[in-house]
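Open your viewer and get a selection tool ready. We will go from stop to stop, selecting as we go.

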Amino acid sequence: MKINNLFVWLKQKPRIAFFMCLPLILMVACLIIYPFFYSIFLATLNKAETKFVGLANFLFLFKRETFWLVVQQSIFFALVAVFFKALIGFIAAHSINELPSKGQRKWRGMLLIPWVIPPALSTLGWWWLFEPTYSALNWLLEKLSVDAIPWLSETFWARFSIILVNIWVGAPFFLIMYLAALKSIPEDLYEAASIDGANYWQKLFFITLPMMKNIISITILFSIIVTFANFDIVRVLTRGGPIDTTHLFATYAFRVGIESGDIPLGAAVSLFMFPVLAVLSFIILRNVRKRTNEV
Amino acid sequence: MKFLSYRNSINSNRKWALFAAYGCLIFFVIFFLFPPYYMLITSLKTNKEIAELSTNPWLIKQGLTLEHYKYLFTETPFLIFFKNTIIVTISVVIISMVISVLAAYSLSRLRFWGSGVLATGIFLTYLVPDTLLFIPLFKIVGWLGLLNSYWVLVLVYPTLSVPFCTWLMIGYFSSIPKEIDEAALIDGANHMQMLLKVFIPVAMPGLIAATIFAFTVSWAGFLYPLAFIYSETEMVLTVGTVTTLIKGDVFHWGGLMAGALLAAAPPVIVYAFLMDYYIAGLTSGATKG
């Protein structure tokens, strides 16, 4: 009788609904929310994790020159890389959209390959291209009578190379998002504009871009998060070198927290990403909601 | 007459646009494909030719060889990495799909206290990158005794895949007309039957897209295995290829490139066949709203 009652209780709609969500809720609570707060707690301990030191880890970082380099480099890296990814993605999507429709799939497929290969592995290929003695890129430059470039051993070029590889990996994502958005613009808008005598650039600035505004901003914001939090490319190409000038928050946190064994300090480093991520997420959420309401 | 010249100018404009489009695309294809091309070329060259500095590195002149692939299978734990990756990926895909399909059904059709907040919360967790939480997770999986075992990845990867899969499935489930569930309910179906017999078959394209996403997250993951696993026997392909094949003073460039290509092959093959589903899923939020 009792068990029967239990079934009746369980069968009520809101309860079933809740139980179906329970695995998800548990996962998010135990492996996302709890680690986040635990990370804040960890960041207030000393290196041996035996003593509460308050904000000492954060203050320590503020006094380190390397930390400020990481801050600068992360911001610079994210903004420059995302700008070029967005630009290349847009041009490529636009070009594909110009083609006769039966050829589009083939070109799209080829241009998506960098995005399909796991980044850690494709970066390995780039690493080999940048290799100082055998660099196949430098071989090409030599043929063009340009001096060999120290791709990964000089700060400027190391930063350049990391951004280049990031653009290479990330541009296809923009391509996909833009292409889908371009296809959703009604064709008759362009026809009407042509009849009114609008030229290519007018159509681009007064139809295409305004129609894609929301998608462009969501994709860019999302990409800033992913790029800002990037780890794989820097780790494989430079490990933060030369002399810590290419570290991002993630690789620096890894170096400090996992490799040097100072877990509290590492936790403090990665927590510095949080305010940036939180603000961007908030804006994305607002944009997504706005878009959902529009449709 | 005037109309004719207008038609002509459209045609010549179109021609120029097409010309410019092909120009850009050819440039991008070269930029996007030369690194994998060079990896393939390197993996097929003899060691002697790789070490040669005078010849054109972009071509194979001294004959093809499969020695690097053979080296990979016989002298390195590459096959162990492959096996571990397959076990991890299959487990992660199954866990992710079960969690996210159940939750998405509940959030798109049933209501309970807090379900709206939960749906928003899931979207926000999708934006949490792995690099934010790997240090506390390092401690947590240490307590659980999972450090240095590939099962740790089965535990932590769903945190990266489930939020997006759930979000995607909510979208697909919500687009199923409500009349269908009413009809099924009148026929006496319970929620499980409805989910398995109606929702999943109808939302199959979404399910495929979500599966590919979970597969990709799990196959390409790099930070978690790098932080949590250090024995060669427990490593997965990404970390195994990057760390163990580089060891020593002499780089086995050929073997390294062969390893990277083979490790990248499964996702490339999956995408080649299922690209359209995946893109439709990924961009459904973009175009449908």
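## First stop: across the interface

Select R105(A) and D276(B): these two residues form a salt bridge, and their closest N and O atoms are 2.9 Å apart. Keep in mind throughout the tour that this is a predicted model. The salt bridge rule finds three such pairs across the interface of chain B and chain A. Polar contacts can be looked up as well, and the count between the two chains is nine residue pairs, both residues at pLDDT 80 or more.

Next, colour helix α1 of chain B, residues 2–43. This helix gives 21 residues to the side of chain B that touches chain A, the largest share.

Now show both chains together. Chain B and chain A bury about 8800 Å² between them, and 83% of that is on carbon and sulfur atoms. Which three residues supply more of the area that chain B buries against chain A than any other three? Select F32(B), L132(B) and I135(B), which supply 8% of it. In residue terms, the contact takes 98 residues from chain B and 98 residues from chain A.

## Second stop: S270(A)

Move to helix α14 of chain A, residues 263–271, and pick S270(A) there. Is S270(A) buried or exposed? It counts as buried because its relative accessibility is 0%, and the cut-off for buried is under 20%. Leaving out residues up to four places away in sequence, S270(A) touches A253(A) in its own chain and T131(B), L132(B) and I135(B) in the other. You have already selected L132(B) and I135(B) among the three residues above. Add A267(A) to the view too: the side chain of S270(A) reaches its backbone oxygen at 3.3 Å.

## Third stop: V70(A)

Go to helix α4 of chain A, residues 65–98, and select V70(A). V70(A) is buried, at a relative accessible area of 0%. What does V70(A) touch, beyond residues up to four places away in sequence? Show H247(A), L248(A), F249(A) and Y252(A) to see these contacts. For a distance check, pick K51(A), which is 19 residues from V70(A) along the chain; their C-alpha atoms are 27 Å apart.

## Last stops: a patch and a covered helix

Turn on the surface and select L55(A), L59(A), F62(A) and W68(A), which make a nonpolar surface patch of about 420 Å². L59(A) sits in helix α3 of chain A, residues 56–63.

Finish with helix α13 of chain B, residues 237–244, where seven of the eight residues are buried. Those to select include L237(B), V239(B) and V242(B).

Conventions
Residues numbered from 1 in each chain as written. Chains lettered and ligands numbered in written order. Predicted model: local features only at pLDDT ≥ 70, side-chain atom pairs only at ≥ 80, totals over all residues. Heavy atoms only, no water. Patch = residues over 30% accessible without salt bridge, like charges linked within 9 Å, V, L, I, M, F, W, Y side chains within 5 Å. Areas by Shrake-Rupley, 256 points an atom, 1.4 Å probe, with all protein chains shown as cover. Salt bridge = Lys/Arg side-chain N within 4 Å of Asp/Glu carboxyl O. Helix = DSSP H or I, 4+ residues; strand = E, 2+ residues; numbered from the N terminus. Buried < 20%, exposed > 50% of the residue type's maximum accessible area, 1.4 Å probe, protein only. Contact = heavy atoms within 4.5 Å. Buried area = accessible area lost by both parts, 1.4 Å probe. Polar contact = N/O pair within 3.5 Å; in protein donor to acceptor, adjacent residues only side chain to side chain.
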